[in-house]
Amino acid sequence: MINMLEVYLNFKNEAKAAIAFYETVFDVKNEGIMTFADAPADPEHPTPEAWKDLVINSSITIEGVPVMISDVPEGMGLTFIEGNNVSLVINTNDEAKIDRIFNRLAEGGKISMPLGETFWAKKYGMVVDKFGINWMLNYSDEA
């Protein structure tokens, strides 16, 4: 069973520069950069031209901890505010667990994105808990 806590860092169109910086600081190499242009096409929500070279997801491992990184372009639906650009990520292949944790975190908090299927996960959702902590919950049925 996969159960993992990760860190997610968001940047205002500076993810590539941040990745390069952290690679030198921590002497690590990113595990691949996916841009918005690399994501599957969605005819209902086409990717704006200005986003195509921005990072939709990348990851590096710092001191044994997975750290995911992305840009938050204007109009994406998330509001980037320096200081709220760190999220904790729960990854699991236990569907009941992801539902339970998401619902508990949402009590007294605010759902930013309801749990739902994405191109990378069976269920993915975002919630800010009642203490202002950003959480991303990711369920995959892969072992």
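Two helices and eight strands make up the chain, and because the model is a predicted one, what follows describes a computed picture. Followed along the sequence, these elements come in the order β-α-β-β-β-β-α-β-β-β. The C-alpha trace spans about 40 × 35 × 30 Å along its principal axes. For a chain of 143 residues, a compact globule would be expected to have a radius of gyration near 15 Å, and the 15 Å found here agrees with that expectation. Of these 143 residues, 38% count as buried.

Helix 1 is a good place to look in detail. It runs over residues 15-26, and its 12 residues reach 16 Å from the first C-alpha to the last, which is close to the 16 Å expected at 1.5 Å a residue. Within helix 1, the residues A15, A18, I19 and E23 are buried. Viewed down the axis of the helix, the buried residues fall within an arc of 140°, so they line one face of helix 1. The face turned away from this buried side carries A17 and T24, which are exposed.

The end of the helix deserves a second look. F26 belongs to helix 1, and together with F21 and V25 it makes a nonpolar surface patch of about 280 Å². Why is F26 described as partly exposed? The relative accessible area of F26 is 35%, and partly exposed residues are those between the buried limit of under 20% and the exposed limit of over 50%, so F26 falls into this middle class. After helix 1 comes D27, whose phi is positive, near 55°.

Technical notes: Residues numbered from 1 in each chain as written. Predicted model: local features only at pLDDT ≥ 70, side-chain atom pairs only at ≥ 80, totals over all residues. Heavy atoms only, no water. Patch = residues over 30% accessible without salt bridge, like charges linked within 9 Å, V, L, I, M, F, W, Y side chains within 5 Å. Areas by Shrake-Rupley, 256 points an atom, 1.4 Å probe, with all protein chains shown as cover. Salt bridge = Lys/Arg side-chain N within 4 Å of Asp/Glu carboxyl O. Helix = DSSP H or I, 4+ residues; strand = E, 2+ residues; numbered from the N terminus. Buried < 20%, exposed > 50% of the residue type's maximum accessible area, 1.4 Å probe, protein only. Expected span 1.5 Å × (residues − 1). Arc of directions from axis to C-beta. Rg over C-alpha atoms; globule rule 2.2 N^0.38 Å.
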